[in-house]
Amino acid sequence: MTTETKDTGPASPPVRRLRRAERREQILDAATRAFARTGYTATGLDDLAAEAELTRAMLYRHFDSKAGLYRAVLDRARARLSEATGTDDFDGDSIPALLRAAGADPDGFRLLFRHAAREPDFRDLADSITATSREVTRRNLACHLPAGPWLDWAAGLIPTLTLEAVLAWLDGGRPDPDQAAERIGQAVRGVMAAAGPLP
């Protein structure tokens, strides 16, 4: 007795089910890309689901709303930035660390400092980072500049200048990564010199 077997072609690889934490990270990665492309308002749940290659129902299993997902994306970007740069003092590695963090997560960096800063419902996150940066900058500059309005001016300008310089560096295709930190550092030293006593 002969038994025939039907050839159904190559077997499909088994679908690997991700653990909840892995799936959440997959969704956050996809959402970061999607939100960075078009911003919060213009990105719909269907866009997010398509980017993550999931259904909307799967998204809702992990995040109860688009706003909740966006907040989680921003919180993760901020945590990664803090881990990479620290938050206490500035030293010779501060600007290189900021550039490395931006280069490692350019979409997250843009979301924090370009998109979230323009969105009233999420601006608090960008404002909190800016306020902390100004406070740390002021404390570090106090060793080099006399107290007064020019110290306050420099403490407000240097974080803004540095972030805008890093964003411009990302937008420009990340030119000369080995020299970028020195170039941004020159601009920061220029602000410090301008804030000091005039000859």
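These legends go with four close-up views of a predicted model.

**View 1. Helices α1 and α2 cross each other.** Here we zoom in on α1, residues 20–42, and α2, residues 45–52. Their axes come within 8 Å and cross at roughly 145°, and the crossing is right-handed. On the α1 side, the contact is made by Gln26, Ala30, Ala31, Arg33, Ala34, Phe35, Arg37 and Ala42. Asp47, Leu48, Glu51 and Ala52 are the α2 residues that meet them. Sort the residues of this contact by type and you get 7 nonpolar, 1 polar and 4 charged.

**View 2. The largest pocket and its lining.** This one has a volume of about 860 Å³. It is lined by 35 residues, and those closest to its centre are Phe90, Ser94, Val136, Thr137 and Thr162. Five helices each put at least two residues into the lining: α4 (66–85), α5 (94–104), α7 (123–141), α8 (149–171) and α9 (177–195). Which helix supplies the largest share of the lining? That would be α7, with 8 residues. As for chemistry, the lining splits into 15 nonpolar, 14 polar and 6 charged residues.

**View 3. The second largest pocket.** About 270 Å³ of space lies in this pocket. Its lining is made of 13 residues, and if you look for the ones closest to the centre, you'll land on Phe113, Ala117, Thr130, Leu163 and Glu164. At least two lining residues come from each of α6 (106–115), α7 and α8. This time α8 gives the most, with 5 residues. By type, the residues around the second largest pocket are 6 nonpolar, 2 polar and 5 charged. Helices α7 and α8 may look familiar from the previous view, as each also supplies at least two residues to the lining of the largest pocket.

**View 4. Tyr40 and Tyr70 form an aromatic pair.** The model's count comes to 7 aromatic pairs, and this view picks out one of them. What is the angle between the planes of Tyr40 and Tyr70? It is 40°, with the rings 4.9 Å centre to centre, and the pair counts as tilted. The two tyrosines link distant parts of the chain: Tyr40 sits in helix α1 and Tyr70 in helix α4, 30 residues apart. Both helices have turned up already, α1 in its crossing with α2 and α4 as one of the helices lining the largest pocket.

Notes:
Residues numbered from 1 in each chain as written. Predicted model: local features only at pLDDT ≥ 70, side-chain atom pairs only at ≥ 80, totals over all residues. Heavy atoms only, no water. Axes fitted to C-alpha atoms, helices over the stretch in contact; angles between N-to-C directions. Helix = DSSP H or I, 4+ residues; strand = E, 2+ residues; numbered from the N terminus. Left-handed = near helix turned anticlockwise from the far one by under 90°. Contact = heavy atoms within 4.5 Å. Nonpolar A, V, L, I, M, F, W, Y, C, P; charged D, E, K, R; others polar. 1 Å grid on protein atoms, 1.4 Å probe; cavity = no way out; pocket = protein on both sides within 12 Å on 5 of 7 lines; lining within 4 Å. Points joined across faces, edges and corners; volume = space filled by probe spheres on them. Phe/Tyr/Trp six-rings, centres within 6.5 Å; stacked < 30°, edge-to-face > 60°.
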